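Here are a few short exercises to work through with the model open in your viewer. Try each one before you read the solution.

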Amino acid sequence: MRGPADGLSNSTARQIALAAQGFTDPQPSGRVDLRHVRRALGRVGVLQIDSVNVLVRSHELPLFSRLGPYPRQSLTDLVERRRELFEYWGHMASFVPVRFHPLLRWRMKRAQQHAWRHVSALQRNHPGYVEAVLAEVAARGPIPASALSEPGEKSGPWWGWANGKAALEWLFFTGEVASAGRGRNFERLYDLRDRVVPASVLALPTPSVEDAHRSLLLDSARWLGLGTAGDIADYFRIKVTEARPRLNELVEAGELLPVRVEGWKQPAYLDPAARVPRHVRARALLSPFDSLVWNRERTERIFGMRYRIEIYTPAVRRVHGYYVLPFLLDDQLVARVDLKADRKHSTLRMPGAHLELSHVAADRAKVVASELEAELRSMADWLELDHVSPARVQFR
């Protein structure tokens, strides 16, 4: 790796990022087991959770993107039986290695100090309600919010939470309750923290906020390979104003290297152990919430793709489709693919595919189409779907 005073080209930065995220690791040639899953998890650290299931739950896709077809139950096993991962607010709602529990206690403590408006109103207007919800979890957990004896009424769709759901989510945010798994319709199942998080982890000392931030930022930089202060802070949603002093301390300690990257307006921080691969031979469909692309500004800066998820956009205003996945081929995002799992007809449907003409020469369109067809067939097999429709890719 070059010294800290040297600049990097954007293409080199892109290759570093792909290697750090596991896209230059060889995919398993035989049966995929927990060793492979753990290795891939070690490349990303955090799996963002999203409830949309038009294709597959989002947190299942990053492992497929890096390993190919793997046993989907293995992730559930790591979360719900082995307790190697736990659910919390990492990068949004996420599965995080359980060893990170002490590093996120500062976030739990801040939640305890600043109750949400809904919860403050509950505590004011219904004294004892939150405590009663906690007591019910202790007596009956794990349970979903809908199973509370007095769940309350929703105030609207989406985030119009009922009182019971708001109380449970706040208790979850403060760390007093934890997610024991997911039930029907992907409902979070709440239980007491001590019945979910291993006792050996709970016994670990709680670091200071500054030490926790340094550790989280250092791991984030390792998973990214390199990034601006904003990129690295975003991994665990740490405020940039809090992250900058810690990043400077990591530079002073020699644990990160300051670098300039061609075309980047902000200075960057490089993991000294980051690898620049000789070449990148990757092929992957990426979840909209994959850690390679979840930061849209970084995605545009590194890959030249202005990517937006359009599931909340009215149909008439959508440009690329409802649930659109970027398609990575070698070191470029070369297409956007709208996908849907039609389980009733055992078919992986592709309503649309758009070629990134700024990155793909006209004579490579057939190559991209062929590689995408192979990846779609692999995904269909993984999802146990018999057909891909249409069978041939026609870019719009």
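**Exercise 1. Backbone oddities**

Start with Met 92, which is found in strand E4. This is a predicted model, and the task is to describe the phi of Met 92 and say whether the residue is buried, exposed or partly exposed.

*Solution.* First, the torsion: phi of Met 92 is near 60 degrees, a positive value in a residue other than glycine. Next, the surface: the relative accessible area is 35%. Buried would need under 20% and exposed over 50%, so Met 92 lands in between and counts as partly exposed.

Now do the same for Glu 384, found in the loop between helix H14 (365-382) and E14. Its phi is also positive, near 60 degrees, and again the residue is not glycine. With 68% relative accessibility, Glu 384 counts as exposed.

**Exercise 2. Cis prolines**

Find where Pro 142 and Pro 390 sit, and check the omega of the peptide bond leading into each.

*Solution.* Take Pro 142 to begin with: look in the loop between helix H7 (129-140) and H8. The bond from Gly 141 to Pro 142 has omega near 0 degrees, and it is cis. Then go to the segment after strand E14 (387-389), where Pro 390 is found. The bond from Ser 389 to Pro 390 is cis too, with omega near -5 degrees.

**Exercise 3. Ring pairs**

Classify the pair Tyr 88 and Phe 172, then the pair Phe 100 and Phe 236.

*Solution.* You need two numbers, since a pair of aromatic rings is described by the distance of the centres and the angle of the planes. The count for the model comes to 13 aromatic pairs. For Tyr 88 and Phe 172, the centres are 5.8 Å apart and the planes stand at 55 degrees, so the pair is tilted. Tyr 88 belongs to strand E3 (residues 85-90) and Phe 172 to helix H8 (residues 163-174), so this pair ties together parts 84 residues apart in sequence. Tyr 88 is buried at 2% relative accessible area, and Phe 172 is buried at 1%.

For Phe 100 and Phe 236, you get 5.9 Å centre to centre and 15 degrees between the planes: stacked. Phe 100 is in the loop between strand E4 (92-97) and helix H5 (105-113), while Phe 236 is in the loop between helix H11 (229-235) and helix H12 (240-252), 136 residues away. Both are buried.

Last step: follow the ring pairs around Tyr 88. They link Phe 86, Tyr 88, Trp 89, Trp 116, Phe 172 and Phe 173 into a cluster.

**Exercise 4. Charges over a ring**

Which arginines sit over the ring of Phe 186?

*Solution.* Arg 57 lies over the face of Phe 186, 4.4 Å from the ring centre. The charged end of Arg 182 sits over the ring as well, at 4.3 Å from its centre.

**Exercise 5. Strand E8**

Sort the residues of strand E8 (residues 257-261) by face, then find its partners.

*Solution.* In a regular strand the side chains alternate between the two faces of the sheet. In E8, the covered face holds Leu 257, Val 259 and Val 261, and the uncovered one Pro 258 and Arg 260.

Now the neighbours. Strand E1 (residues 7-8) runs parallel to E8, joined by two bridges, with Gly 7 opposite Arg 260. Strand E9 (residues 268-270) runs antiparallel to E8, joined by three bridges; there, Leu 257 has Leu 270 as its bridge partner. E8 and E9 form a hairpin with six residues between them, and Gly 263 in the turn has a positive phi of about 85 degrees.

Methods: Residues are numbered from 1 along each chain as its sequence is written. This is a predicted model: local features need pLDDT of at least 70, side-chain atom pairs count only at pLDDT 80 or more; totals for chains, interfaces and linings use all residues. Side-chain values use heavy atoms; hydrogens and water are left out. Rings of Phe, Tyr and Trp (its six-membered ring) pair if their centres lie within 6.5 Å; planes under 30 degrees apart count as stacked, over 60 as edge-to-face and the rest as tilted. Helices (H or I, at least four residues) and strands (E, at least two) are DSSP runs, numbered from the N terminus. Buried means under 20% relative accessible area, exposed over 50%, partly exposed in between (1.4 Å probe, protein chains only). A charge sits over a ring if NZ of Lys or CZ of Arg is within 6 Å of the ring centre and within 35 degrees of the ring normal. Two strands pair if DSSP finds at least two bridges between them.
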